[in-house]
Amino acid sequence: MTEYNIGLVLSGGGARGIAHLGVLKALEEHNIKIDVISGTSAGAIIGALYAGGLSINEILKLLIELKPMRFIQPALNTKGLLKMEVIEKFLISYLPENSFDTLTIPLYIAATNLKSGKTEYFNQGHLVPAICASSCIPVLFNPVQYNDELYIDGGILNNLPVEAIRDKTKIVIGVHSNPIDRNFELKNFSSGLERALMLAITSNVYQSSKNCNFLIEPNGLEPFKVLDISKAEEIFSIGYKEAIRQINESKMLETI
């Protein structure tokens, strides 16, 4: 007997992950109640804020008002370019209990163990360090130390962490917000690095998606970059409109 009825899996994708909020709005409007969430990177952030009791509008508002430059604080070592501690303080301000136990929806967070080279899932203990571990884009941020291990972005090995909830859940809805832009042009070193990460991360999604009952992939996210937080409203709108369309086309409501 499964533990949950409907599970939601949220991929990484940087700022593109804001599309998850649009998908959540569409699901709410169709009275699709989410019983458990699994997420990685941006999906872990959105999933945690939502499971922590913040409404979709509250999360969108804080992202719209967010000043990306506040996170640009150079790390004074050779392990990463930026400090992860800045993001940690930001998350603590909205998730002050800092515990999986206080969430209104059970949450699983995927991160990559840098030493073992394997995906690990967290669903108990301190919440914010697990989110930071899952969201730690390699090279850009310092690896995150958690439970005496070093972790980087969970999307590197598994950008659609279905496995964490598949056996516990009757119906799994996956949301992939990290599409490959087929019109890519190499402009500089940073664009090449971002492209390489996107290709590596996306390559594991479609294998994982076979374990989903439904997969929502918002079309139109390709032009947005990892740090395009200033375009939150536009990304949200794409996620919402595409989710409405794909929910209807997939006949999801008839199954659920």
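**Close-up views of a predicted model**

A search of the whole structure, which is a predicted model, turns up three aromatic pairs.

**View 1. The rings of F122 and Y151 meet edge-to-face.** Start with the two rings themselves: their centres are 5.4 Å apart and their planes stand at 80 degrees, so F122 and Y151 make an edge-to-face pair. This pair links distant parts of the chain, because F122 belongs to strand β4 (residues 118–122) and Y151 to strand β6 (residues 149–153), with their positions 29 residues apart in the count. Are F122 and Y151 buried or exposed? Both F122 and Y151 are buried. Look for Y146 as well: F122, Y146 and Y151 form one aromatic cluster.

**View 2. Strands β5 and β6 make a hairpin.** Follow strand β5 (residues 144–146) into β6, and you will find the two strands running antiparallel, joined by three bridges. One partnership to look for is V144 with Y151 in β6. How many residues lie between β5 and β6 in the hairpin? There are two, and N147 in the turn has a positive phi of about 55 degrees.

**View 3. Strand β3 pairs with β2, β4 and β6.** Begin with strand β2 (residues 36–40), which runs parallel to β3 and is joined to it by four bridges. Here S38 has Y108 in β3 as its bridge partner. With β4, strand β3 pairs in the antiparallel sense over five bridges, and I109 stands opposite F122 in β4. The hairpin of β3 and β4 has four residues between the strands, and G117 takes a positive phi near 70 degrees there. Strand β3 (residues 107–113) also pairs with β6 in the antiparallel sense, over three bridges. Two places to find this pairing are T112, opposite I152 in β6, and A111, whose bridge partner in β6 is D153.

**View 4. Strand β3 is largely enclosed by the rest of the structure.** Why is β3 described as largely enclosed? Seven of the seven residues of β3 are buried, so the rest of the structure largely encloses this strand. Both faces are covered. On one side you can pick out the buried residues L107, I109, A111 and N113, and on the other Y108, A110 and T112, also buried.

**View 5. Helix α4 has its buried residues on the same side.** In helix α4 (residues 85–94), look for the buried residues V86, I87, F90 and L91. They cover an arc of only 135 degrees around the axis, which puts them on the same side of α4. Which helices do the buried residues of α4 pack against? They pack against α2 (42–51), α3 (56–64) and α5 (127–134).

**View 6. Helix α5 is mostly covered.** Turn now to α5, where eight of its eight residues are buried. Going along the helix, these are L127, V128, P129, A130, I131, C132, A133 and S134.

**View 7. N98 is a buried residue in a loop.** You will find N98 in the loop between α4 and β3. Its relative accessible area is 16%, and the cut-off for buried is under 20%, so N98 counts as buried. Leaving aside neighbours within four places in sequence, which residues is N98 in contact with? N98 is in contact with I92, G125, H126, L127, V128 and P129.

**View 8. G220 is a partly exposed loop residue.** G220 lies in the loop between β8 (214–216) and α8 (232–249). With 31% relative accessibility, this glycine counts as partly exposed. Look also for I235: G220 and I235 are 15 residues apart in sequence, and their C-alpha atoms are 8.7 Å apart in space.

**View 9. L8 sits in the largest nonpolar core.** This core has 69 residues, and those with the most contacts inside it are L8, L21 and L27. Not counting residues up to four places away in sequence, L8 touches L24, L27, I34, V36, I37, S38, I165, I173 and V175. Apart from the largest core lies another core, of eleven residues, including V36, V162, V205 and C212.

**View 10. The charged end of K25 sits over a ring.** The ring is that of Y240, and the charged end of K25 is 4.7 Å from the ring centre.

Methods. Residues numbered from 1 in each chain as written. Predicted model: local features only at pLDDT ≥ 70, side-chain atom pairs only at ≥ 80, totals over all residues. Heavy atoms only, no water. Core = buried A, V, L, I, M, F, W, Y, C linked by side-chain atoms within 4.5 Å. Buried < 20%, exposed > 50% of the residue type's maximum accessible area, 1.4 Å probe, protein only. Contact = heavy atoms within 4.5 Å. Arc of directions from axis to C-beta. Phe/Tyr/Trp six-rings, centres within 6.5 Å; stacked < 30°, edge-to-face > 60°. Lys NZ or Arg CZ within 6 Å of the ring centre and 35° of its normal. Pairing = 2+ DSSP bridges.
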